[in-house]
Amino acid sequence: MAVKSEPETGAKAAANVPADDDTVLLHVEGRTGVVTLNRPRALNALTHPMVLRIAGALDAWADDPAVGQVLIRGAGERGLCAGGDIRAIHDDARAGNTASAGFWRDEYRLNARIARYPKPYVALMDGIVMGGGVGVSSHGSVRVVTERSRVAMPETGIGFVPDVGGTWLLGRAPGRLGTHLALTGTAVGAADALLCGLADHFVPAARLPELTAALATAPADEVLPRYAATPEPGVLAGRRSWIDHCYAAGTVEEIVDRLLGRGEPEAKEAAETILAKSPTALKATLAAVRRSAALGTLEEALAQEYRVSCNALTSPDLVEGIRAQVVDKDRNPRWSPPALAGVTEADVERFFAPLGEDRELRLP
């Protein structure tokens, strides 16, 4: 298997991003630095140059006294960001290359930077916010959802494991809600995103232009109370009893058995959803979320996720899952092994294996 060296990462790579790259639009409006993800046809999916451009802007604005806060939003009407460019990851994994490892290294550094950003970081999580979209929004200090928001970490459906700090976020959701969302990949609306700690405020989508304009002249903590409202009720709060019981089980198999043994139709539906995902990814995901919940910092969780993501590049289910969902779109993945019983503890541990001293993700 041919292996190419990783591309340049960090500040050096950011300097190589063309200044006229229009996939991320940057401008300062009043005292707010505005980041607009600008690939609306691709649901603003992140590429490596986009990650580097955002990181460069955050670095510049952190030291700029004229910029008091940052706002990130998505172009178009469909969403903030649907995740990373998984077709590129598919091609990279098939070729045995390591471009994806370089992308993840900078992406996870960006996620950590957002979480520790010294100025208010306002994320407009309107529409679809999935995978990498969660990474550039839910680690922010001011996270706004609307009635159109659909927030999810759907990685198990493509043979992958939640990343971009997703295991950290889901591992800290109330009860076992995070485990439920991680295994099923379920997309949640505004109220449930608030309940799970993925967002902070609800603002009707029609008022986002007013909110954005107001942020140009005043700090977020002064502006938000004028626009925040109460969303329509979600569904997860009413399902806590069976979710907390079923997902407390020790293994994915036992979780599925408990779900099937419940009388609620929604529990059976959750079991059927889980059984359609990659068995290997499911077991690795359960382990990742639980291990992340025991870690002390986001940076530790991102370092663990980097190991898992890099090791997943050699998993047949990642290539197969993306093929079925994105490339051929036949929605009929052939998982290997095809059932949970065929996934061993050794198979799971392989995802957490050290990468080697020179390849681990190091975050301050």
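The chain averages a pLDDT (the predictor's confidence in each residue, from 0 to 100) of 94, and 95% of the residues score at least 70. Over residues 1-17 the pLDDT is below 50, yet this stretch has 34 contacts in the model beyond near neighbours in sequence, a contact being heavy atoms within 4.5 Å. This is a predicted model, in which local features need pLDDT of at least 70, side-chain atom pairs count only at pLDDT 80 or more, and totals for chains, interfaces and linings use all residues. Residues are numbered from 1 along each chain as its sequence is written, and side-chain values use heavy atoms, with hydrogens and water left out.

**Exercise 1. Describe the packing of helix α4 and helix α15.**

Step 1. Helices (H or I, at least four residues) and strands (E, at least two) are DSSP runs, numbered from the N terminus. Axes are lines fitted to C-alpha atoms, for helices over the stretch in contact, and angles run from 0 to 180 degrees between N-to-C directions.

Step 2. α4 spans residues 99-115 and α15 residues 298-312; their axes are 10 Å apart, at an angle of about 165°.

Step 3. Angles under 35 degrees count as roughly parallel, over 145 as roughly antiparallel, 65 to 115 as roughly perpendicular and the rest as oblique. α4 and α15 are therefore roughly antiparallel.

Step 4. The crossing of α4 and α15 is right-handed (near helix turned clockwise from the far one by less than a right angle; left-handed if anticlockwise).

Step 5. Residues making the contact include Trp 104, Arg 105 and Tyr 108 of α4 and Leu 302, Glu 305 and Tyr 306 of α15. The contact divides into nine nonpolar, two polar and three charged residues. Here Ala, Val, Leu, Ile, Met, Phe, Trp, Tyr, Cys and Pro count as nonpolar, Asp, Glu, Lys and Arg as charged, and the others, Gly among them, as polar.

**Exercise 2. Treat helix α3 and helix α16 in the same way.**

Step 1. The axes of α3 (residues 86-95) and α16 (residues 316-327) come within 9 Å and cross at roughly 140°.

Step 2. This pair is therefore oblique, and its crossing is left-handed.

Step 3. Among the residues that meet are Ile 89 and His 90 in α3 and Ile 322 and Arg 323 in α16. By class there are eight nonpolar, one polar and three charged residues in this contact.

**Exercise 3. Give the strand order and edges of the two open sheets.**

Step 1. Two strands pair if DSSP finds at least two bridges between them.

Step 2. The three-stranded sheet runs β4-β6-β8, with parallel pairing. β4 (79-81) and β8 (150-152) have a single partner strand each, so one side of each lacks a neighbour in the sheet. β6 (residues 128-130) pairs with β8 over three bridges, and Ile 128 stands opposite Arg 150 in β8.

Step 3. The six-stranded sheet has the order β1-β2-β3-β5-β7-β9 and mixed pairing. β1 (24-29) and β9 (201-202) are its edge strands. β2 and β3 pair in the parallel sense over six bridges, with Val 70 in β3 as the bridge partner of Gly 33.

**Exercise 4. Locate the cis peptide bond and the positive phi of Lys 329.**

Step 1. The cis bond joins Ser 336 and Pro 337, with omega about -5°. Lys 329 has a phi of about 60°.

Step 2. Pro 337 lies in the loop between α16 and α17 (345-349), and Lys 329 is placed in the loop between α16 and α17.
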